[in-house]
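This report describes selected local features of one protein model. The sequence and structure come first, and the description follows.

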Amino acid sequence: MTYRILLGATAVAVALCIAANPRKEFNAAYRAYGDAVAESRFGDAATHAGEALQLGRDVLAPDSPEIALLAFNHGFALAKAGRASEAYRALLEARGLVEKALGGDAVEIVQVEVELAHTGSPEQARQHFDNALALASRRHGEDSEFVADLKVEGATQILTQGTTELLAGATGTYERLARTDKLALARYWLGHGHLDDDRYQDAIEPMSAVVAANPSDRELVLMARAKLVEAFERLGERDRATEHCLAIGTARGFTRPERYKPLFVPDPVYPEELGPDAGIGSVTMEFTVDAEGYVRHPLVVESRGGGAFASAALALAERIRYAPQFVDDQPLAVPGVRHTVVFSPP
């Protein structure tokens with residue numbers, strides 16, 4: 001996203017300005033860092049960024065913007081290398097350096113706060129993200145595309161709670177700005193969030209809007225249709241799910257039975273008559289998927305754990321939905337489809 005690129009671009013410009021400095025070690029370390037990032041060798045990038053920071057301190061003023069940006073690069077590379085605790089400490093240092101060099105209201109702090117949110121604990125992530133959002137809103141405006149992008153970033157990659165409110169705000173901004181591709185993606189994630197929160201009815205409107213808008217991302221439309229199948233199935237509105245099952249089947253073409261995967265499988269319910277000591281049960285069934293994606297005539301072909309698991313699996317099979325298979329633009333029934341259900345003790 002845009003706000004995560006700005007510091008890197010600035011740091012490259014800084015390196016070019018320093019290129020005439022006789023301290024060749026710094027230039028070599030920085031070039032090695034840039035090469036490692038370009039090749040996604042983030043372990044090496046973290047090492048070279050640390051070297052560039054230490055060498056830069058020998059040739060640059062300690063409170064200069066360049067040192068602050070080098071410190072950010074080090075923390076960012078550590079984060080990309082999966083060394084979250086080290087990255088968090090490095091980014092805290094970078095935040096202090098950026099604030100000292102550029103001021104407490106500098107837009108670059110948004111980027112540092114976002115990276116801190118990515119590497120901190122859930123509680124720390126919430127605080128850093130809120131800091132970034134507040135500063136971005138002051139600098140760019142609450143209803144700006146920059147802030148909408150930040151809300152989507154927070155909702156989909158950082159936070160675990162309060163995400164639908166952020167996504168609803170982002171969709172409003174994208175709609176006002178006519179950013180159709182971003183709007184479609186934000187609507188998809190909004191519907192996804194409602195499904196995660198078991199608000200199936202609320203998921204229908206944003207997912208349906210993705211389908212109706214027909215965005216350029218074909219896969220996104222198919223993903224939205226699959227989520228609509230889930231929402232309607234969980235609401236017991238199976239006929240409304242059929243439209244989307246058929247549309248997905250038309251788009252995907254034919255799949256061999258052994259690779260045929262369901263669109264929706266209800267959560268297995270552990271048989272009430274069994275205690276937790278009964279352990280894990282598994283049941284493999286074979287059935288026909290009809291021309292509307294419904295399961296017909298399920299039979300147990302293998303069962304482990306006892307008859308109670310087999311009965312529960314057969315009951316569950318009636319609610320599984322598939323995208324129908326199409327041949328010559330016509331849906332057809334597919335026999336011999338197998339599916340395994342695993343039951344874990346509560």
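The model is predicted. Ser40 is found in the loop that lies between helix 2 (24–38) and helix 3 (42–59). The phi of Ser40 is positive, about 60°, although Ser40 is not a glycine. With a relative accessibility of 48%, Ser40 counts as partly exposed, because the partly exposed class ends at 50%.

Another residue with a positive phi that is not a glycine is Asp329, where phi is near 65°. Asp329 is found in the loop between strand 3 (325–327) and strand 4 (330–332). Its relative accessible area is 67%, so Asp329 is exposed, as the exposed class covers values over 50%.

The table lists the positive phi values, including that of a glycine just after helix 4.

| Residue | Phi | Place |
|---|---|---|
| Ser40 | about 60° | loop between helix 2 and helix 3 |
| Asp329 | near 65° | loop between strand 3 and strand 4 |
| Gly82 | about 85° | just after helix 4 |

Strand 4 also holds Leu332. Leu332 has a relative accessible area of 30% and is partly exposed. Together with Phe254 and Val327, Leu332 makes a nonpolar surface patch of about 240 Å².

Helix 4 covers residues 65–80. How far apart are its end C-alpha atoms? They are 22 Å apart, and this agrees with the span of 22 Å expected for 16 residues at 1.5 Å a residue. The expected value is 22 Å because the rise is multiplied by one less than the number of residues.

Is helix 4 mostly covered or mostly open? Helix 4 is mostly covered, with 12 of its 16 residues buried. Among the buried residues of helix 4 are Ile67, Leu69, Leu70, Phe72, Phe76 and Leu78. Asn73, His74 and Gly75 are buried in helix 4 as well.

In soluble globular proteins, nonpolar side chains tend to be buried together. The largest nonpolar core in this model has 55 residues. Those with the most contacts inside this core are Leu70, Val110, Phe129, Leu150, Ile158 and Tyr174. Helix 4 gives the largest share of the core, 8 residues. A second core, separate from the largest one, has 24 residues, including Ile204, Leu222, Ala224 and Ala226.

Leu70 thus appears twice in this account: it is one of the buried residues of helix 4, and it is among the residues with the most contacts inside the largest nonpolar core.

Technical notes
Residues are numbered from 1 along each chain as its sequence is written. This is a predicted model: local features need pLDDT of at least 70, side-chain atom pairs count only at pLDDT 80 or more; totals for chains, interfaces and linings use all residues. Side-chain values use heavy atoms; hydrogens and water are left out. Helices (H or I, at least four residues) and strands (E, at least two) are DSSP runs, numbered from the N terminus. Buried means under 20% relative accessible area, exposed over 50%, partly exposed in between (1.4 Å probe, protein chains only). Patches are made of residues with over 30% relative accessible area and no salt bridge: like charges are joined within 9 Å, nonpolar side chains (Val, Leu, Ile, Met, Phe, Trp, Tyr) within 5 Å. Accessible areas come from the Shrake-Rupley method with a 1.4 Å probe; for residues, only the protein chains shown count as cover. A salt bridge is a side-chain nitrogen of Lys or Arg within 4 Å of a carboxyl oxygen of Asp or Glu. A nonpolar core is a set of buried Ala, Val, Leu, Ile, Met, Phe, Trp, Tyr and Cys residues joined through side-chain atoms within 4.5 Å.
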